[in-house]
Amino acid sequence: MPNPYLHRLLALLLASTTSLAAADRYDDRYDHDRARHALERGEVRPLAEILQRVAARVPGEVVGVELERWGRSDERRWAYELEIIAPNGRLREVYIDAATGEILEEDD
């Protein structure tokens with residue numbers, strides 16, 4: 001059964017240019033062109049695909065998404081940072097490898 005929150009989140013992301021950010025260095029500057037180019041080059045999976053994979057493994061409602069560089073300086077990779085409100089009401093941050101969909105880290 002499709003997740004109604006997924007459709008609302010995707011619509012929100014399309015409507016808002018500040019919801020998806022990519023930082024190619026260590027700062028938090030927004031750079032949508034880098035995110036788009038990473039997708040075009042196949043360095044990241046589409047957000048809709050990532051959200052479907054995560055929904056099956058991490059219960060809750062996704063309320064925020066960022067695309068950023070993650071990891072140590074010698075192993076930096078693209079990662080989606082998802083903010084998820086868990087069924088118990090707690091806010092969780094989940095980091096997903098943007099290329100593979102693998103969960104890298106979960107914070108409660």
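The exercises below, each with a worked solution, explore a predicted model.

**Exercise 1. Find which strands pair with β1 and β3, and in which sense.**

Solution. Begin with strand β1, which covers residues 61–70, and strand β2, which covers residues 77–85; these two pair in the antiparallel sense over 9 bridges. As one example of a bridge between them, Glu61 has Ile85 in β2 as its partner. The connection between β1 and β2 makes a hairpin with 6 residues between the strands, and Gly71 in the turn has a positive phi of about 110°.

Next take β3 and β4, which also pair in the antiparallel sense, over 4 bridges. Here Glu93 stands opposite Asp107 in β4. These two strands form a hairpin as well, with 5 residues between them.

**Exercise 2. Describe the surroundings of Gly101, and decide whether this residue is buried or exposed.**

Solution. First place the residue: Gly101 lies in the loop that runs between β3 (91–97) and β4 (103–107), and in this turn Gly101 has a positive phi of about 85°.

Then turn to accessibility. Gly101 has a relative accessible area of 4%, and because buried means under 20%, Gly101 counts as buried.

Finally, look at the residues around Gly101. When its neighbours within four places in sequence are left aside, Gly101 is in contact with Ile50, Arg53, Arg57 and Ile96. A further distance can be read between C-alpha atoms: those of Gly101 and Ala79 are separated by 8.9 Å, although the two residues are 22 residues apart along the chain.

**Exercise 3. Work out how Arg92 and Glu106 are joined, and how accessible each of them is.**

Solution. The first step is the pairing itself: the side chains of Arg92 and Glu106 meet in a salt bridge, with a distance of 2.4 Å from N to O. This pair links distant parts of the chain, with Arg92 in strand β3 and Glu106 in strand β4, 14 residues apart.

The second step compares the accessibility of each partner with the cut-offs. Arg92 is at 14% relative accessibility and therefore counts as buried, since the limit is under 20%. Glu106, with a relative accessible area of 39%, is partly exposed, because this value falls between 20% and 50%.

**Exercise 4. Identify what Arg53 and Arg41 each pair with, and state how many salt bridges the whole structure holds.**

Solution. Start with Arg53, whose side chain meets that of Glu49 in a salt bridge at 3.0 Å, N to O. Both Arg53 and Glu49 lie in helix α3 (residues 47–57), where they are 4 residues apart, about one turn of the helix. Arg53, which is also in contact with Gly101, is partly exposed, with a relative accessible area of 34%.

Continue with Arg41, which forms a salt bridge with Glu43, the closest N and O atoms being 2.8 Å apart. Arg41 has a relative accessible area of 53% and is therefore exposed, since exposed means over 50%, whereas Glu43 counts as partly exposed at 32% relative accessibility.

To finish, a search of the whole structure finds 7 salt bridges, and a network of such bridges links Asp33, Arg36 and Glu40.

**Exercise 5. Locate the residue that lies over the face of Trp78, and give the number of aromatic pairs.**

Solution. The residue over the face of Trp78 is Arg69, at 4.4 Å from the ring centre. For pairs between aromatic rings, the count comes to 1.

Key:
Residues are numbered from 1 along each chain as its sequence is written. This is a predicted model: local features need pLDDT of at least 70, side-chain atom pairs count only at pLDDT 80 or more; totals for chains, interfaces and linings use all residues. Side-chain values use heavy atoms; hydrogens and water are left out. Buried means under 20% relative accessible area, exposed over 50%, partly exposed in between (1.4 Å probe, protein chains only). Contact means heavy atoms within 4.5 Å. Two strands pair if DSSP finds at least two bridges between them. Rings of Phe, Tyr and Trp (its six-membered ring) pair if their centres lie within 6.5 Å; planes under 30 degrees apart count as stacked, over 60 as edge-to-face and the rest as tilted. A charge sits over a ring if NZ of Lys or CZ of Arg is within 6 Å of the ring centre and within 35 degrees of the ring normal. A salt bridge is a side-chain nitrogen of Lys or Arg within 4 Å of a carboxyl oxygen of Asp or Glu.
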